[in-house]
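Hi,

Here is the structure I said I would pass on. Have a look at it first, and my notes follow underneath.

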Amino acid sequence: MGRKTYELLKDATALDDYRVAVVFVNGERGIFDCRPYLSTGYYKPLNDPALFKRVNVSYGWLNWPGDIDIGADDVWADAVRS
């Protein structure tokens, strides 16, 4: 069995310009840019700023109403951590 190479999310807050401030369960923080996802069919509803701002964390993943989610592995790989 392979070793997990990412951390689950603990908290998320929508920022301007379709970015999300994230906190991982290990305490690391970062900024995740969702703009590359917004042109894909599944994620197109997130172009609505009101919907985008409703981001939350569910089971360690970014989640929005309408069963839209982004896995913790993608967030971990692409977030600019501080």
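**What I found**

Let's start with Phe-52, which is buried at a relative accessible area of 2%. Keep in mind throughout that this is a predicted model.

So what does Phe-52 pair with? Its partner is Tyr-18, in an edge-to-face aromatic pair with 5.2 Å centre to centre and 70° between the planes. Tyr-18 sits in the loop between β1 and β2 (19-24), while Phe-52 belongs to helix α1 (residues 49-52), so the contact ties together parts 34 residues apart in sequence. Unlike its buried partner, Tyr-18 is partly exposed, at 21% relative accessibility. The count of aromatic pairs comes to six, and ring pairs also link Phe-32, Tyr-37, Tyr-42 and Tyr-43 into a cluster.

**Strands**

There is an open sheet of four strands, ordered β1-β2-β3-β7 and paired antiparallel. Its edges are β1 (9-14) and β7 (80-81), each with pairing on one side only. Two bridges hold β3 (residues 29-33) to β7 in the antiparallel sense, and there Ile-31 stands opposite Val-80.

Just before β7, in the loop that follows α2 (72-78), you'll find Ala-79. Ala-79 is buried, with a relative accessible area of 10%. Its C-alpha atom is 7.1 Å from that of Asp-33, although the two residues are 46 apart along the chain.

Then there are β4, β5 and β6:

- β4 (residues 56-58) and β5 (residues 61-64) run antiparallel and are joined by three bridges, with Val-57 opposite Leu-62. They make a hairpin with two residues between the strands, and Tyr-59 in the turn has a positive phi of about 55°.
- β5 also pairs antiparallel with β6 (residues 68-70), again over three bridges, and Asn-63 stands opposite Asp-69. This hairpin has three residues between its strands, and Gly-66 takes a positive phi near 90°.

**Charges**

I count three salt bridges in the structure. Which residues share partners? Asp-17, Asp-33 and Arg-35 do, and their salt bridges form one network. Asp-17 meets Arg-35 at 2.9 Å, N to O. Asp-17 is in the loop between β1 and β2 and Arg-35 in the loop between β3 and α1, so this pair ties together parts 18 residues apart in sequence. Asp-33 meets Arg-35 at 2.6 Å, N to O. Each member of the network is partly exposed: Asp-17 has a relative accessible area of 46%, Arg-35 one of 39% and Asp-33 one of 27%.

The other salt bridge runs between Arg-81 and Glu-28, at 3.2 Å, N to O. Since Arg-81 lies in strand β7 and Glu-28 in the loop between β2 and β3, the pair ties together parts 53 residues apart in sequence. Both ends are partly exposed, Arg-81 at 34% relative accessibility and Glu-28 with a relative accessible area of 30%. Arg-81 has a ring contact as well: its charged end sits over the ring of Trp-76, 3.8 Å from the ring centre.

**Surface**

Leu-8, Val-25 and Trp-61 make a nonpolar surface patch of about 250 Å². Leu-8 comes from the segment before β1 and is partly exposed, at 30% relative accessibility.

Over to you!

Technical notes
Residues numbered from 1 in each chain as written. Predicted model: local features only at pLDDT ≥ 70, side-chain atom pairs only at ≥ 80, totals over all residues. Heavy atoms only, no water. Pairing = 2+ DSSP bridges. Phe/Tyr/Trp six-rings, centres within 6.5 Å; stacked < 30°, edge-to-face > 60°. Buried < 20%, exposed > 50% of the residue type's maximum accessible area, 1.4 Å probe, protein only. Lys NZ or Arg CZ within 6 Å of the ring centre and 35° of its normal. Patch = residues over 30% accessible without salt bridge, like charges linked within 9 Å, V, L, I, M, F, W, Y side chains within 5 Å. Areas by Shrake-Rupley, 256 points an atom, 1.4 Å probe, with all protein chains shown as cover. Salt bridge = Lys/Arg side-chain N within 4 Å of Asp/Glu carboxyl O.
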